[in-house]
Amino acid sequence: MNIRVGKAGDNDFVIDDPKVSRYHALLSKDEAGKLTVEDLNSTNGTYINDIQIVKKKIKLTDKLTLGSDYSVLVRDIVKRDDDYSEEFAELKEVYNTYIKEKIHVQSANQFKTRIFQSLPIALIGVTGIILSISGHANQVLFIASIVIAILAPTTGVYFGARQAAKIPAQLQNLANRLKIDYVCPKCGTFLGEIPWESLANKKQCPIPSCKAKWIRT
């Protein structure tokens, strides 16, 4: 992909500014998706983040200045047609990963909670078997069994409740990360927990001021 920038009308990105040369700079993207900008012997120079360059690798978030007055973000040149389909496609994995981790948190914690709650019952049962085999002659064992019968259920409920209490915090951490990663690639609006496929059916960002195209048509 090559995007020629300048004042002349036959450029890919036309800039109406007297200090911008007719053919000022060339932006290119290689097969690996890496971006490069090259000055085309312009009169007033090409700058990336206020540093003059001749040719330099760049990022979408870099500020490109042509001449002394005109500045624009690289992404606004590359995305001049609002096509964010590649970036939007990457959000599918973000959403799927979130759902998988959410299910894992819920199922893993529920399993541990049930273990904590059922273990005391099993312990009482084992104690009862031991008593039935040994009889009541062993007074120490008998007293210990009574203590276990009283304390075991309470202990099980306590640890089960503690394990269950971890779920909301873990789910909140996942939700916080989703709010950062699952956003419109142009305007950064959080997309909620709406499945990626449902968003894809909309084809573009619903924010009126954004209009980013999510699906290439």
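Which residue in strand 8 does Ile 48 stand opposite? The residue opposite Ile 48 is Leu 64 in strand 8. The model is a predicted one, and the report below describes the sheet around this pair and then the chain as a whole.

**The sheet**

Strand 5 covers residues 46-48 and strand 8 covers residues 63-66. The two run antiparallel, and three bridges join them. Strands of a sheet pair through backbone hydrogen bonds, and the pairing can be parallel or antiparallel.

Strands 5 and 8 belong to an open sheet of four strands, whose order is 6-5-8-9. The pairing in this sheet is antiparallel. Strand 6 (51-53) and strand 9 (70-73) stand at the edges; each has a single partner strand, so one side of each has no neighbour in the sheet. From one strand to the next, the twist averages 30°.

The residue ranges of the four strands are as follows.

| Strand | Residues |
|---|---|
| Strand 6 | 51-53 |
| Strand 5 | 46-48 |
| Strand 8 | 63-66 |
| Strand 9 | 70-73 |

**The chain**

The chain has nine strands and four helices. Read from the N terminus, the order of elements is β-β-β-β-β-β-β-β-β-α-α-α-α.

How much of the chain is buried? Of its 217 residues, 31% count as buried. The accessible surface comes to about 13,500 Å², and carbon and sulfur atoms account for 57% of that surface.

Contacts within the chain can also be sorted by separation in sequence. Among those between residues at least 6 apart in sequence, 43% join residues at least 24 apart.

Key: Residues are numbered from 1 along each chain as its sequence is written. This is a predicted model: local features need pLDDT of at least 70, side-chain atom pairs count only at pLDDT 80 or more; totals for chains, interfaces and linings use all residues. Side-chain values use heavy atoms; hydrogens and water are left out. Two strands pair if DSSP finds at least two bridges between them. Axes are lines fitted to C-alpha atoms, for helices over the stretch in contact, and angles run from 0 to 180 degrees between N-to-C directions. Buried means under 20% relative accessible area, exposed over 50%, partly exposed in between (1.4 Å probe, protein chains only). Contact means heavy atoms within 4.5 Å. Accessible areas come from the Shrake-Rupley method with a 1.4 Å probe; for residues, only the protein chains shown count as cover.
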